[in-house]
Amino acid sequence: MPVWDLVQYRRLGATDAKILEAYPQLTAIDLANAWHYVDIYRSEIEAAIRENEAA
């Protein structure tokens, strides 16, 4: 699952609990790692979001 997808879901107002409910294959640790990844690679994530929206 692309991290940018999680970012978009969060931007739509989903809480971490809602995301974990929607994606039962993820754990709370997975989600924490995803948010850490976003913090480090924010510009790349934003570019991926723009590319997806343009498609």
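A helix, as the word is used on this tour, is a DSSP run of H or I that is at least four residues long, and helices are numbered from the N terminus. With that in mind, select Ala-28 in the predicted model, and you will find that Ala-28 belongs to helix H3. Because its relative accessibility is 54%, and exposed means over 50%, Ala-28 counts as exposed. Now add Arg-10 to the selection and look at the two C-alpha atoms: Ala-28 and Arg-10 are 18 residues apart along the chain, and their C-alpha atoms are separated by 14 Å.

**The whole chain**

Next, select the protein chain and show it as a cartoon, where four helices and zero strands should appear. Followed along the sequence, the pattern of the chain is α-α-α-α. The radius of gyration of the protein chain is 11 Å, close to the 10 Å that the globule rule gives for 55 residues, so the chain is as compact as a globular protein of that length. If you turn the C-alpha trace along its principal axes, it spans about 30 × 20 × 20 Å.

With the chain still selected, consider its contacts, of which those with a separation of 6 or more are the ones to think about here: residues 24 or more positions apart account for 51% of them. Then switch on a surface, keeping in mind that the protein chain exposes about 3900 Å², with carbon and sulfur atoms supplying 54% of that area. As for the interior, 24% of the 55 residues count as buried. If you colour by charge, there are 5 positive and 9 negative charges to find, and the mean positions of these two groups are 5 Å apart.

**The aromatic rings**

How many aromatic pairs does the count come to? The count comes to two aromatic pairs. For one of them, select Tyr-9 and Tyr-23, whose rings form an edge-to-face pair, 6.1 Å centre to centre and with 90° between the planes. This pair links distant parts of the chain, since Tyr-9 sits in helix H1 (residues 3–11) while Tyr-23 sits in the loop between helix H2 (16–22) and helix H3 (28–40), 14 residues apart. Is Tyr-9 buried or exposed, or does it fall in between? Its relative accessibility is 24%, so Tyr-9 counts as partly exposed, given that buried means under 20%.

Move on to Tyr-37 and Tyr-41, which form an aromatic pair that is tilted, with 4.7 Å centre to centre and 40° between the planes. Tyr-37 counts as partly exposed because its relative accessibility is 36%, and Tyr-41 counts as partly exposed because its value is 34%.

**Two further stops**

Select Asn-33, which is found in helix H3, and which counts as partly exposed because its relative accessibility is 47%. Then select Val-3 as well, and compare sequence with space: Asn-33 and Val-3 are 30 residues apart along the chain, and their C-alpha atoms are separated by 9.9 Å.

For the final stop, select Thr-15, which lies in the loop between H1 and H2. Thr-15 counts as partly exposed because its relative accessibility is 47%. How far apart in space are Thr-15 and Glu-44, C-alpha to C-alpha? Thr-15 and Glu-44 are 23 Å apart in space and 29 residues apart in sequence.

Key
Residues are numbered from 1 along each chain as its sequence is written. This is a predicted model: local features need pLDDT of at least 70, side-chain atom pairs count only at pLDDT 80 or more; totals for chains, interfaces and linings use all residues. Side-chain values use heavy atoms; hydrogens and water are left out. Helices (H or I, at least four residues) and strands (E, at least two) are DSSP runs, numbered from the N terminus. The radius of gyration is taken over C-alpha atoms; the globule rule is 2.2 Å times the number of residues to the power 0.38. Buried means under 20% relative accessible area, exposed over 50%, partly exposed in between (1.4 Å probe, protein chains only). Contact means heavy atoms within 4.5 Å. Accessible areas come from the Shrake-Rupley method with a 1.4 Å probe; for residues, only the protein chains shown count as cover. Lys and Arg count as positive and Asp and Glu as negative; His and the chain ends are not counted. The place of a charge is taken as NZ of Lys, CZ of Arg, CG of Asp or CD of Glu. Rings of Phe, Tyr and Trp (its six-membered ring) pair if their centres lie within 6.5 Å; planes under 30 degrees apart count as stacked, over 60 as edge-to-face and the rest as tilted.
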